[in-house]
Each structure stands twice: as C-alpha cells, then as structure tokens.
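Visitor: Hey, could you walk me through this one? I'm pretty new to reading structures.

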Amino acid sequence: MTENNKRIAVIGAGTMGRGIAQVFAQSGFDAYVFDAFPEALKSASKQINKMLDRGVEKGRMSADDAASTKARLHFVESLSDVGKQPLIVEAATEKLETKIAILRDAQQHVADDGILASNTSSISITQLAAAVDHPDRFIGMHFFNPVPLMKLVEIVRGLQTSDETARKTMELATAVGKTAVSCNDHPGFVSNRILMPMINEAIFTLQDGVAEAKAIDDIMTLGMNHPMGPLALADLIGLDVCLHIMEVMFRDLGEDRYRPCPMLRKYVAAGRMGRKSKRGFYSYE
Ligand code: CAA
C-alpha cells in the first residue's frame, strides 16, 4: 500500500467507529470519521484524545506519536470534500435499512478499486452486499470492543466477496497490528455464534436464581480464566446489541437454542442497556 493510499473513512463515531479510526490513525493512516451528529464527532474526538494522552502518561506511546496520531484524525460532517477512499468501514447503528441507506451513499466515496466494509456484528454481509453496486468489493470487517485493545478482526466473506477483496482486507487489518481471521457469512459469524449463547445462558442462569450476577461472573473469570464474566461483558457490549444478535440467530438459524432469554428482553425494555445507560446487570453510577 502506497503512502497516498494510507487513508480510511469510518462511518459512525460511536464506540466501535471511534476505536477503528484510532487504531488506523495510530498506524499512520489518515482517518476520516464521519457522523451525521456533530455531538458524536465531538465526543469521539474528546475520548480518543484522552486515550492517547493517557497512553503518553503511562509510557505506552511517545508524545510525538500521540501528536501525529491526533493530526491524522479528521472529524467530518460530510464525506464529499475528502476525496475517494481506498477503504470505507461502516460502523453505524445495527439496523438493516439504516445500513443499506448509508452504504448506498458511501459507495460513491470509495475509490474505483477500493473496498467498502461493514463492522456489523449480526447483519448478513451477503444481504448488505446485494444493496451496493460492487458486491465483489464488499466485506465484513468485524472489530471487537474495546477496539484499540482487542487483537482480532473477524473478516467475513459474503457470497460474492472476491478473493482479491478478502486478501486486501486481511492485509489492511494486519497493517494496523490486528490479527485477521477469515470466516464465511452465516448468522452470528463465528464470534457471536459462540459468544452470544454463552452470555444468553448466563442470563438464564441469573433468571433461574442459580446464583447472583457477581457469583456467575466470578465463576467464569476465576474458573475459566475469562478476562471478564459474561454478564459484565454483556454490559460492556450493550444489552440491546446482545438481544439484537440473539434475535437474528434465533430467526435465521431457527433453533430453540438461540432463543433470547426473557430477562434480557425485560432489561432492554426497561432501558437497562449496560454501561452506556449506566445500568445493566451492574450499576455504573
Ligand atoms: N484506547 C487506548 N487505551 C485504552 C482504551 C482505548 N480505547 N481503552 C482502554 N484503554 C487502556 C486503559 O486506559 C488502561 O490503561 P491504564 O493502564 O492507563 O489504566 C489499559 O488500556 C488497560 O485497560 P484495563 O485496565 O481496563 O484493562 P484490563 O486488563 O482490565 O482489560 C479488557 C480490559 C481488555 C476490556 C479485558 O477485560 C477484556 O479483554 N475483556 C473482554 C472483552 C471482550 O471480550 N470484548 C469483545 C466483546 S464482543 C464484541 O465486541 C463484538 C460483538 O460483535 C458484540
């Protein structure tokens, strides 16, 4: 990849979008973060700066590197003025219609041989690809939260994704210090097909009164060496996101084992979304 090509646009300045932009900027890419909400751009810029400053304080990064990373991050309210991009990663809200509308617009800003990727955690890559003009240059680039700390990018190949697109996307993920692992498009991909039923089962365990939330998490952290327990992890991911992924798998795989736990539905209905709403299985006040 030539220096001129070291550019990326990220659509959506939420938790995932800002993390993706930070990781690319830290690896020498100019990263354009687009969001329709100026408040989201402001909040993303503030949070990334805080993380970078903390990295300098803790000796994880030099002050020069933090300054050049900041200079490579551009928070924009339109993609029209920033030129065609070799890579655009969509990290907007997990709604099919919203994503399709965003991707149809975004494809105008992708270079002729560029790649359009989605960070979706649950929507079919093949279905999203069918909505754009070049499904062969469309792919899933699934990052993990918190993006700057997590090593994996799950590269999800849709039915029409070309070998060339898959190869280039793997290279790009590697270029920003991640380990890229490829899989085929299928509900939940690999990561969420395995992770979400575990989280869902932890919620059933809580609902059945087998143990308190903290005890369930302690058993999984201390007994299985998981870095955090499934309920704390659900709070980090967002309970609405967990529910949405379970619903997609339940609908598209059609098996009882993917049935979302009623307690998960109840918490989401009550607005207890986890860390982002300051309350989930734990309180973050
Ligand atoms: N940028 C830079 N630095 C960051 C950061 C960021 N965005 N976020 C945190 N850090 C820093 C912290 O500030 C901290 O620095 P200090 O030492 O200065 O305090 C450092 O990184 C380590 O942070 P923690 O002390 O919080 O780290 P930890 O050792 O407790 O690990 C964790 C935290 C990495 C989140 C770990 O608990 C973990 O791996 N948890 C599991 C996470 C996981 O499974 N994620 C995947 C969720 S699934 C998903 O995302 C996909 C999906 O489709 C649902």
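## A helix end and what follows

Guide: Sure, let's start with a small detail: a polar atom in the side chain of Thr221 sits 3.2 Å from the backbone oxygen of Asp218. That's a polar contact, a pair of N or O atoms within 3.5 Å; within protein, one has to be able to donate a hydrogen and the other to accept it, and residues adjacent in sequence count only if both atoms are side-chain atoms. Before we go on, this is a predicted model, so local features need pLDDT of at least 70 and side-chain atom pairs count only at pLDDT 80 or more, while totals for chains, interfaces and linings use all residues. Residues are numbered from 1 along each chain as its sequence is written, and side-chain values use heavy atoms, with hydrogens and water left out.

Visitor: Got it. Where is Thr221, and what does it touch?

Guide: Thr221 is in helix H8. Leaving out residues up to four places away in sequence, Thr221 touches His226, Pro227, Met228 and Gly229. Contact here means heavy atoms within 4.5 Å. Helices (H or I, at least four residues) and strands (E, at least two) are DSSP runs, numbered from the N terminus.

Visitor: And after H8, where does Asn225 go?

Guide: Asn225 is in the loop between helix H8 (213-224) and H9. Its phi is near 60°, a positive value in a residue other than glycine.

Visitor: Is Asn225 buried or exposed?

Guide: Asn225 counts as exposed because its relative accessibility is 67%. The cut-offs are under 20% relative accessible area for buried, over 50% for exposed, and partly exposed in between, using a 1.4 Å probe and protein chains only.

Visitor: What about phi at Lys278?

Guide: Lys278 isn't a glycine either, yet its phi is positive, about 70°. You'll find Lys278 in the segment after helix H11 (262-269). Lys278 is partly exposed, because its relative accessibility is 43%.

Visitor: New topic! There's a ligand. Which residues are closest to it?

Guide: Arg54, Ser121, His142, Asn145 and Asn192 are the closest of the 20 residues that surround the ligand. A residue is in that shell if one of its heavy atoms lies within 4 Å of the ligand.

Visitor: Which side chains have a polar atom by the ligand's oxygens, and how far off are they?

Guide: A polar side-chain atom of His142 is 2.7 Å from an oxygen atom of the ligand. For Asn192 the distance to a ligand oxygen is 2.9 Å, and for an N or O atom in the Arg60 side chain it's 3.2 Å.

Visitor: How much of the ligand does the protein cover?

Guide: On its own the ligand exposes 1,100 Å², and the protein buries 67% of that. Those areas come from the Shrake-Rupley method with a 1.4 Å probe; for residues, only the protein chains shown count as cover.

Visitor: Which helix gives the most to the shell?

Guide: H7 does, with three residues. Helix H2 (38-57), helix H7 (191-207) and helix H9 (230-237) are the elements that give two or more.

Visitor: What kinds of residues make up the shell?

Guide: Twelve nonpolar, five polar and three charged. Nonpolar covers Ala, Val, Leu, Ile, Met, Phe, Trp, Tyr, Cys and Pro, charged covers Asp, Glu, Lys and Arg, and the others, Gly among them, are polar.

Visitor: Anything odd about the bond from Asn145 to the next residue? What is it?

Guide: Asn145 and Pro146 are joined by a cis peptide bond, with omega about 0°. Pro146 is in the loop between strand S6 (138-143) and strand S7 (152-157).

Visitor: Back to H7. Is Met196 buried or exposed?

Guide: Buried, because its relative accessible area is 1%. Met196 is in helix H7 and touches Ile237, Cys242, Ile245, Met246 and Met249, not counting residues up to four places away in sequence. Its C-alpha atom is 8.6 Å from that of Tyr258, though they're 62 residues apart along the chain.

Visitor: Last one: which residues touch the most others in the largest nonpolar core?

Guide: Ile8, Ile20, Phe24, Leu87, Met141 and Phe143, out of 35 residues. The largest share of this core, six residues, comes from helix H1 (residues 15-26). A nonpolar core is a set of buried Ala, Val, Leu, Ile, Met, Phe, Trp, Tyr and Cys residues joined through side-chain atoms within 4.5 Å.
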